[in-house]
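Hello,

Here is the structure I promised to pass on. My notes on it follow below.

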Amino acid sequence: MDCGVVSLPLPGPTPTLTGGALRGRPSSRGEEFLVGPENRLAEVAVQTVLEGDGHDHFNPLLFFGPSGSGKSHLALGIAAGWSARGRQRRRVQCVAADEFALELHEAIAAQATTDFRRKYREAELLVIENIPRLAGKTAAQEELLHTIDALIADGRRVIGTALSPPSTWLEVAAALRSRFHGGLLVPVRLPGNEVRRLLLERWSATLGLVIDSAAVALLADRLPLSAPQLLGALIQLGERATLEGRPITLEQARRFLATFGGKSTPSVKEIAAATARHFGVTLGQMRSKSRRRAVVVARDTAIYLAREIAGSTLPELGRYFGNRDHTTISHGYHKLKQMLLTEVEVQQAVSAVQNMLKEC
């Protein structure tokens, strides 16, 4: 696939979209999951699970990331693919954590815990979503722990999803957190620029929109959103263009971005200020020649976000951050982008700053 984007053939849950004047209603989740550079580990994990036998360090497997990043699409898509690849007779169980806890409570009340355990412990593949929702549910946590141990010991597969890594599940038993730490933790990030651009191109065709390639590129640069949110933004823009009876030009895209969500795109200074607050450094330090690690990471984070959110150019960022050469700015941007693939703390920092900017 073009632009370094890989297609994983994974059917995903289809959200309900409300109507409008546009023809066609594309789903933000279809019969595939588009993987860009930001989610290469997810690609490897999916392929290993579908092709493996369960006896590997990918078990249990946990997908974690922000809402709308595609965790459920990946987990449930694997479950569907597992059955489709000659495993029709194998049992697959997919359940939300809070539903698991409710089922257990009802089984205990009905003195039917044997049937409950048989249902989950005889599964070939167990997908359990939103694991931190077991917070405070001691019995359910203990039951899930024993279920995971039984399945893995028998070479069966366990997949979980969560908004954050196990280290942040403060009200979940240490033993259960430890089980997932002992498997593979896969951060699932929101679609990157390459994926967003491809999605916009596909959806525009489905919606019958005529849109300039420059407008697509600008929207992809300035809207670092989840797939459902990105589709919603395109539908809004498309409705405007349909009412005006004109194709979507670069200038129309710019006007739309200036008012999208009721807020204008944050400036470099606003992004830098929010980043400085998060890291506990000053704007002066970030714009200085300081090489202290906290300052460098903060500076590179601000550079990354300014590029992704505001579409700032390398020369612009160079001038703002102490008249640095654009090659130095480029190095900081790409270094931070690589760190996002593996370092949970950096992922959380970027997410935190993005949330701060939304609240401003």
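**Glu308 and its surroundings**

Apart from its neighbours within four places in sequence, Glu308 is in contact with Arg196, Asp221, Arg222, Pro224 and Tyr333. Please keep in mind that this is a predicted model. Glu308 sits in helix H13, which covers residues 293–310. Is this residue buried or exposed? With a relative accessible area of 10%, Glu308 counts as buried, because the cut-off for buried is under 20%.

Two of the contacts of Glu308 are polar ones between side chains. One joins Glu308 to Tyr333 at 2.7 Å, and another joins Glu308 to Arg196 at 3.4 Å.

**The nonpolar cores**

The largest nonpolar core has 29 residues, and the members that touch the most others are Ile271, Met286, Tyr304, Leu305, Leu317, Phe321 and Leu336. At least two residues of this core come from each of helix H11 (268–279), H13, helix H14 (314–320), helix H15 (326–342) and helix H16 (344–359). H13 gives the largest share, 9 residues.

A second core, separate from this one, has 28 residues, including Val5, Ala215, Leu218 and Leu225.

Back in the largest core, Ile271 lies in helix H11 and is buried, with a relative accessible area of 0%. Not counting neighbours within four places in sequence, Ile271 is in contact with Pro266, Ala302, Leu305, Ala306, Ile309, Ala310 and Leu357. Ile271 and Thr301 are 30 residues apart in sequence, and their C-alpha atoms are 9.4 Å apart in space.

What does Leu305 touch, beyond residues up to four places away in sequence? The list for Leu305 is Ile271, Thr275, Ala310, Val350, Val353 and Gln354. Ala310 thus appears among the contacts of Ile271 and among those of Leu305.

**Strand E3**

In a regular strand, side chains alternate between the two faces of the sheet. Strand E3 (residues 61–64) is covered on both faces: Leu61 and Phe63 are buried on one side, and Leu62 and Phe64 are buried on the other.

E3 pairs in the parallel sense with strand E6 (residues 157–162) over 4 bridges. With strand E7 (residues 184–187), E3 also pairs in the parallel sense over 4 bridges. Which residues are the bridge partners of Phe63 in these strands? In E6 the partner of Phe63 is Thr161, and in E7 the partner is Val186.

Regards

How values were computed
Residues are numbered from 1 along each chain as its sequence is written. This is a predicted model: local features need pLDDT of at least 70, side-chain atom pairs count only at pLDDT 80 or more; totals for chains, interfaces and linings use all residues. Side-chain values use heavy atoms; hydrogens and water are left out. Buried means under 20% relative accessible area, exposed over 50%, partly exposed in between (1.4 Å probe, protein chains only). A polar contact is a pair of N or O atoms within 3.5 Å; within protein, one must be able to donate a hydrogen and the other to accept it, and residues adjacent in sequence count only if both atoms are side-chain atoms. Contact means heavy atoms within 4.5 Å. A nonpolar core is a set of buried Ala, Val, Leu, Ile, Met, Phe, Trp, Tyr and Cys residues joined through side-chain atoms within 4.5 Å. Two strands pair if DSSP finds at least two bridges between them.
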